[in-house]
Amino acid sequence: MRLVGRIALLLVCLYAGAAAAYSVQFLNGIERDATTAREQQIPLILSQNRNALKVERAASLIRSVYLAHDRKIERQIQLQLQTLCQSFTLDENQTLIDGARDIAAFVKVIVTSREASRRLRDPNAAAVTPAIQAGIQAEILKTDAASAEAYQHAMNTADRLSETLATDAVALADSMAWTIGSAAREVKLGWTLILTLPVLFFVLTLWVVSRHVMAPIGAAVARLEAISHGKADQDAPAKPVFHELATIADAVEAYGALSTDLTRTNALLKILSDRDSLTGLANRRSLQAVLESTFEAARAGGPDIAVMMIDLDHFKVINDTYGHHAGDACLVAVADVLRLFEASDGATVGRFGGEEFVAVVPMRNNTSLMEMAERMRVAIMSLDVRSEDGRRIALTTSIGLSRMAGRALDGAQRLVSEADAGLYQAKRDGRNRVGPMAVLAADGSTKRNRQA
């Protein structure tokens, strides 16, 4: 990601430098074009305009000299026209110079022809014969025709020069317009590119940041939230393109795997901590927690509960006679029987200590509770447990009972104490039996509930 950032910064610097160099070069070109237009093209256009005015003036003088019919006026106009034509020599336009010379020559022909015609028409000339008079008239017509022809040529030349000047002026104007338009187009294109490329780069940068930076970060955050909610087994997001974000994603996945392992380990430890290692039933701590929670629920108006205290008869004799391995086998066999009552009667059974078990039973009246205890006693007595030498071990059990029955007891331990009192009563009555419902008196002594 650092490399990409450096490349992006380098591209920005290169672009800024290229844009600055292009702008400087382009503005210098515009400045050169402006200087050329100011120093060359505009003066040339002004000169063309002045020459066009001169040509119009020359045409006016040609018409004046042709229509004058006065020697003095013709001479004055001819001098003005010659001066005007001489001014064209100051321009470096050979066509204009040659045209001006032609106009001056044609005007000279006009003036000369008019002078010859006047001499032929002189009234002071001596009388001439009709034949000579006819010849004079022919000469007059000839000079007049020469004058008219020279006038026509002079006007044509003036018109041609006007057209040439107009064409040149249009060409110069078009050239300037094209130069200005070209500069305008170049400005438009250049600055459009200069302004568009950063926008495109910005949009591309936003897309890259959104897709390859923000999206992976969001995915990593969502992944952490999923892990925190115990959903680490969900599919991992795609690996980011950038190395730094990929490292973060790998760290998140490693954390998820570690979290999963820890969750499983904690669950296993919880199971192990809540279960008796020999029988697999709930141990005393977890059984006490169940008893407390169900007692509080019953005291708050929930389902009624009862407690059974189950104790194997003469278990010390079994250990002493058959060995502790046989004793453990008996405990496991009894636990298997009690586990069946968990599934069928909804009881929670746990090992309370040594050969003693406790069952927390929901929603039982006295009769059904006694029947359930009797089924337990018979099932345990029917077990076929063998010692290592193959001898059958006779198992019997004594069971004590206690039921909350809507009483306002001060704690769950009261039910355990009552069931324990019933158990000891069953022991005193000969073992292998279900004792009567035993209730602790207010002074702590035990009395039997005969209604049980």
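This report walks through the nonpolar cores, a surface patch and a few individual residues of a predicted model.

## The largest nonpolar core

Let's begin on the inside. The largest nonpolar core holds 34 residues, and M308, I310, M376, I380 and L395 are those with the most contacts inside it. Two or more residues come from each of these elements: β1, α7, α8 (324–345), β3 (356–362), α9 (366–381) and β6 (397–403). The top contributor is α8, which supplies 9 residues to this core.

M308 is a good place to look around. Beyond its neighbours within four places in sequence, M308 is in contact with F357, V358, A359 and V361, with L369, M372, A373 and M376, and with I399, G400 and L401.

## A second core

Apart from the largest core there is another one, made of 24 residues. If you would like to find it in the viewer, its members include I62, V107, A154 and L165.

## A nonpolar patch on the surface

Now for the outside. I7, L10, L11, V12, L14 and F201 form a nonpolar patch on the surface, and together they have about 530 Å² of accessible area. Helix α1 (residues 2–68) gives the most to this patch, with 5 residues.

V12 is one of the patch members, and it is found in helix α1. V12 has a relative accessible area of 38%, so it counts as partly exposed, the class between 20% and 50%.

## A184 and its distant partner in sequence

A184 sits in helix α4 (residues 130–228). Its relative accessible area is 44%, which makes A184 partly exposed. A184 and I30 are 154 residues apart along the chain, while their C-alpha atoms are separated by 9.5 Å.

## Two loop residues with positive phi

Two residues deserve a look at their backbone angles. Most residues other than glycine have a negative phi. H314 is not a glycine, yet it has a positive phi of about 55 degrees. You will find H314 in the loop between β1 (305–312) and α7 (315–322). With a relative accessible area of 47%, H314 is partly exposed.

N432 also has a positive phi of about 55 degrees without being a glycine. Its place is the loop between α10 (413–428) and β7 (438–440). Is N432 buried or partly exposed? N432 has 24% relative accessibility, and buried means under 20%, so N432 counts as partly exposed.

Note on methods: Residues are numbered from 1 along each chain as its sequence is written. This is a predicted model: local features need pLDDT of at least 70, side-chain atom pairs count only at pLDDT 80 or more; totals for chains, interfaces and linings use all residues. Side-chain values use heavy atoms; hydrogens and water are left out. Patches are made of residues with over 30% relative accessible area and no salt bridge: like charges are joined within 9 Å, nonpolar side chains (Val, Leu, Ile, Met, Phe, Trp, Tyr) within 5 Å. Accessible areas come from the Shrake-Rupley method with a 1.4 Å probe; for residues, only the protein chains shown count as cover. A salt bridge is a side-chain nitrogen of Lys or Arg within 4 Å of a carboxyl oxygen of Asp or Glu. Helices (H or I, at least four residues) and strands (E, at least two) are DSSP runs, numbered from the N terminus. Buried means under 20% relative accessible area, exposed over 50%, partly exposed in between (1.4 Å probe, protein chains only). A nonpolar core is a set of buried Ala, Val, Leu, Ile, Met, Phe, Trp, Tyr and Cys residues joined through side-chain atoms within 4.5 Å. Contact means heavy atoms within 4.5 Å.
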